[in-house]
2 protein chains.
Amino acid sequence: MPTNASPKKIHLDDITLGDEFLSSEYHVDAEQIIAFAQQYDPQPFHLDETAAKNTFFQGLAASGWHTGAITMKLLVESLPFAQGVIGAGGEISWPRPTRPGDVLHVKSTVLEIAESRSRPNRGIVTVESLTLNQDGEVCQRLVAKLLAFRRPA
Amino acid sequence: MPTNASPKKIHLDDITLGDEFLSSEYHVDAEQIIAFAQQYDPQPFHLDETAAKNTFFQGLAASGWHTGAITMKLLVESLPFAQGVIGAGGEISWPRPTRPGDVLHVKSTVLEIAESRSRPNRGIVTVESLTLNQDGEVCQRLVAKLLAFRRPA
């Protein structure tokens, strides 16, 4: 399962159930966590190490949406879908928060492939993307429905 | 259904099925869309108006994760949960992309309330949050499982 730093672009025709894609790594620090939170999720447990101690998270934790955004960054380079990574939606969960110092990577697996009947040039590929920290612990599980297109004739 | 600019904090005890919460508005422009995409979702349809024209989106579109992050910003101020807005996960879909010039707001509705048996001081509140544009069109539907805590005795 190689990383896909500069992968060949793939079409719906090329995708098989169980295909796996491994991303590169992303280093997360407190400064990034706080900067994201200031803009999009300004709550004490995402903003300040001291204030975070007396909260549910018991220390500074990244916003789940920050983990989601980092995951997308890693997916854009590791899922070589020919017309891009275009999600219609999906399920997301955050079993544990991303913490300062974490090194994240994303492991994606194709769970389902549905070809469109009404639009024969496209389909929906269901992909599970696990965002793992340096200890192999799951910080996010995303099961996304992604658009994929057939290779042009 | 008033906006909650400076709301009273609520506990699990206070939350009732069907409760609604309305956020303030958030103005989105091309500069913000491109800045978010450069950092987290660097794909042509999120980065450049001209390049976006020949893609699935037929014009510049915000990353779904950008819409999600903006939604969180609006939820933090409009869902007055006493210990903060803490999500375990949920379902998300993007029926249409957020576009430059859109003015978003979020309308949240309590769909389900489950009290924990093992931890009687807390529960899970399922909240649907619709992210609507200025024409009332849904840019994101999020059904999130949020932690809520009982009022301390």
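Let's start where the two chains meet: helix α1 of chain A, residues 30-40, and helix α4 of chain B, residues 64-78, have axes that come within 8 Å and cross at roughly 70°. That crossing makes α1(A) and α4(B) roughly perpendicular to each other, since angles from 65 to 115 degrees are counted that way. On the α1(A) side, the contact is made by F36(A), Q39(A) and Y40(A). On the α4(B) side, the residues are H66(B), A69(B), I70(B), M72(B) and K73(B). Before I go on, please keep in mind that this is a predicted model.

Now let me step back to a single chain. Chain A has four helices and six strands. If you read along the sequence, the pattern is β-β-α-α-α-α-β-β-β-β, so to speak a run of helices with strands on either side. The C-alpha atoms of chain A fill a box of roughly 60 × 30 × 20 Å, taken along the principal axes. Chain A has 153 residues, and 50% of them count as buried. And if you take the contacts in chain A with a separation of 6 or more, 67% of them come from residues 24 or more positions apart.

How do the two copies relate to each other? Chain A can be laid on chain B with an RMSD of 0.0 Å, by a turn of 180° and a shift of 0.0 Å along the axis. The two copies are thus related as by a two-fold rotation axis. The same surface serves both copies, in that 100% of the contact residues of chain A recur in chain B. If you want to find the axis on your screen, look for E91(A): of the residues of chain A, E91(A) comes closest to the rotation axis, with its C-alpha at 2.2 Å.

Helix α4 deserves a few minutes. In chain A, α4 has 15 residues, 64-78, and at 1.5 Å a residue they should span 21 Å. The end C-alpha atoms are 21 Å apart, which agrees. Is α4(A) enclosed or open? Well, 13 of its 15 residues are buried, so α4(A) is largely enclosed by the rest of the structure. At the N-terminal end there is a cap, S63(A), with a side-chain oxygen 3.1 Å from the backbone nitrogen of W65(A).

Next, the helix pairs around α4. Two packed helices are described by the angle between their axes and the distance between the axes. For α4(A) and α4(B), the angle is about 170° and the axes are 10 Å apart. Angles over 145 degrees count as roughly antiparallel, and therefore α4(A) and α4(B) are roughly antiparallel to each other. Here W65(A), G68(A), A69(A) and M72(A) meet W65(B), G68(B) and M72(B).

There is also a pair inside chain B. The axes of α1(B), residues 30-40, and α4(B) come within 9 Å and cross at roughly 110°. That makes α1(B) roughly perpendicular to α4(B). In this pair, Q32(B), I33(B) and F36(B) of α1(B) meet W65(B), H66(B) and A69(B) of α4(B).

Let me zoom in on two residues of α4(B). K73(B) sits in this helix, and at 28% relative accessibility it counts as partly exposed. Setting aside residues up to four places away in sequence, K73(B) touches Q39(A), Y40(A) and P42(A) in chain A, plus Y26(B). The C-alpha atoms of K73(B) and F149(B) are separated by 21 Å, and these residues are 76 apart along the chain.

T71(B) is also found in α4(B), but T71(B) is buried, with a relative accessible area of 1%. Its side chain reaches the backbone oxygen of T67(B) at 2.7 Å. Not counting residues up to four places away in sequence, T71(B) touches V106(B), T131(B) and Q140(B).

My last stop is a serine in a strand. S108(A) is found in β4(A), residues 103-115. Buried or exposed? S108(A) is buried, with a relative accessible area of 0%. Which side chain does the side chain of S108(A) make a polar contact with? The partner is S129(A), at 2.8 Å. Leaving aside neighbours within four places in sequence, S108(A) is in contact with residues including D19(A), E20(A), F21(A), L75(A) and L79(A), as well as V127(A), E128(A) and S129(A).

Thanks for listening, everyone!

Key:
Residues are numbered from 1 along each chain as its sequence is written. Chains are lettered from A and ligands numbered from 1 in the order in which they are written. This is a predicted model: local features need pLDDT of at least 70, side-chain atom pairs count only at pLDDT 80 or more; totals for chains, interfaces and linings use all residues. Side-chain values use heavy atoms; hydrogens and water are left out. Copies are superposed by least squares on the C-alpha atoms of residues with pLDDT of at least 70 in both. Contact means heavy atoms within 4.5 Å. The expected span of a helix is 1.5 Å times one less than its number of residues. Buried means under 20% relative accessible area, exposed over 50%, partly exposed in between (1.4 Å probe, protein chains only). A polar contact is a pair of N or O atoms within 3.5 Å; within protein, one must be able to donate a hydrogen and the other to accept it, and residues adjacent in sequence count only if both atoms are side-chain atoms. Axes are lines fitted to C-alpha atoms, for helices over the stretch in contact, and angles run from 0 to 180 degrees between N-to-C directions. Angles under 35 degrees count as roughly parallel, over 145 as roughly antiparallel, 65 to 115 as roughly perpendicular and the rest as oblique.
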